[in-house]
Amino acid sequence: MLMESGKAALMVIDVQEKLLPAIEDSEQLHARIQWLISACHTLDTPTLFTEQYPKGLGHTLPELLALVAAPEVVEKTHFSAVAAHCLPAHWQDYSQVIVCGMETHVCVLQTVLELIQAGKEVFVVADAVGSRSVENCELGLARMRHAGAHIVSREMVVFELLRQAGSEQFKTISKDFLRGEQP
């Protein structure tokens, strides 16, 4: 059950202007999500951004959208992106969904549970999700794991999508994302 390029897409849930400052360790989370989006973009992994009630919470951080050539953004008022019926039709083509964002115990959790229910294989990036409290983040991750989600790290995502060393993509990922200090 490895993540596979061509089968997997990245979903960035609700990393919005007014919500991020309320999240525990928000600066570190922001840096880790930025790293993940950049790495996935380098690996040609499609990326979708969701926004929870942007009228009240603001929009996705512009610097995150700028990391993707043609970012897809969908708005929702349901906590789950699946329940909101906002996912583009072509997202049915992806059998695997890599998930990051906020809040772990609300929008991430409800989206992940419904993606699993819809038959998707879901990979939650534990070091790229956050909540207002550490306890809620941990509880959300535990519940998703219990429901069948794969709890992974950013590096696990990158190495599984790469599958092997020696390629130009590997050299780029190694130079730009794996050498030196990571967020």
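A residue counts as partly exposed when its relative accessible area falls between the buried class, under 20%, and the exposed class, over 50%. Arginine 132, at 47% relative accessibility, is therefore partly exposed. The model discussed here is predicted.

**Salt bridges**

Side chains of opposite charge can pair when their charged atoms come close. The count of salt bridges here is six. Three of them, among the six, are described below.

Arginine 132 pairs with glutamate 103, at 2.8 Å from N to O. This pair links distant parts of the chain, 29 residues apart. Arginine 132 sits in the loop between strand E5 (121–130) and helix H5 (134–146). Glutamate 103 sits in the loop between strand E4 (96–102) and H4. Glutamate 103 has 8% relative accessibility, so it counts as buried, whereas arginine 132 is partly exposed.

Aspartate 127 meets arginine 154 in a salt bridge of 2.9 Å, N to O. Aspartate 127 belongs to strand E5 and arginine 154 to helix H6 (residues 154–162), so the bridge ties together parts that are 27 residues apart in sequence. Both aspartate 127 and arginine 154 are buried.

Lysine 171 and glutamate 168 form a salt bridge within helix H7. Their N to O distance is 3.5 Å. They are three residues apart, about one turn of the helix. Lysine 171 is partly exposed, at a relative accessible area of 46%. Glutamate 168 is exposed, at 56%.

| Salt bridge | N to O distance |
|---|---|
| Arginine 132 – glutamate 103 | 2.8 Å |
| Aspartate 127 – arginine 154 | 2.9 Å |
| Lysine 171 – glutamate 168 | 3.5 Å |

**Aromatic rings**

A search of the whole structure turns up two aromatic pairs. Tryptophan 35 and phenylalanine 177 are edge-to-face, with 5.6 Å between centres and 85 degrees between the planes. Tryptophan 35 is in helix H1 (residues 26–42) and phenylalanine 177 in helix H7 (residues 168–178), so this pair ties together parts that are 142 residues apart in sequence. Both residues, tryptophan 35 and phenylalanine 177, are buried.

Tryptophan 91 and tyrosine 94 make the other edge-to-face pair. Their centres are 5.7 Å apart, and their planes are at 70 degrees. Tryptophan 91 is buried, with a relative accessible area of 3%. Tyrosine 94 is also buried, at 14%.

What sits over the ring of tryptophan 35? The charged end of arginine 154 does, 4.6 Å from the ring centre. Arginine 154 thus takes part in two contacts of this report: the salt bridge with aspartate 127 and the placement over tryptophan 35.

**Cysteines**

How many disulfides does the structure hold? Zero. A disulfide would need two cysteine sulfur atoms within 2.5 Å. The sulfur of cysteine 40 has its closest cysteine sulfur in cysteine 100, at 7.9 Å, too far for a bond. Cysteine 40 is buried, at 0% relative accessibility. For cysteine 107, the closest cysteine sulfur is in cysteine 86, at 11 Å, which is also too far for a bond. Cysteine 107 is buried, with a relative accessible area of 5%.

**Threonine 111**

Is threonine 111 buried or exposed? Threonine 111 is buried, because its relative accessible area is 0%. This residue lies in helix H4 (residues 104–117). Leaving aside residues up to four places away in sequence, threonine 111 touches Met11, Ile13, Phe79, Ser80, Ala81 and Val82.

Definitions and conventions:
Residues numbered from 1 in each chain as written. Predicted model: local features only at pLDDT ≥ 70, side-chain atom pairs only at ≥ 80, totals over all residues. Heavy atoms only, no water. Helix = DSSP H or I, 4+ residues; strand = E, 2+ residues; numbered from the N terminus. Buried < 20%, exposed > 50% of the residue type's maximum accessible area, 1.4 Å probe, protein only. Contact = heavy atoms within 4.5 Å. Phe/Tyr/Trp six-rings, centres within 6.5 Å; stacked < 30°, edge-to-face > 60°. Lys NZ or Arg CZ within 6 Å of the ring centre and 35° of its normal. Salt bridge = Lys/Arg side-chain N within 4 Å of Asp/Glu carboxyl O.
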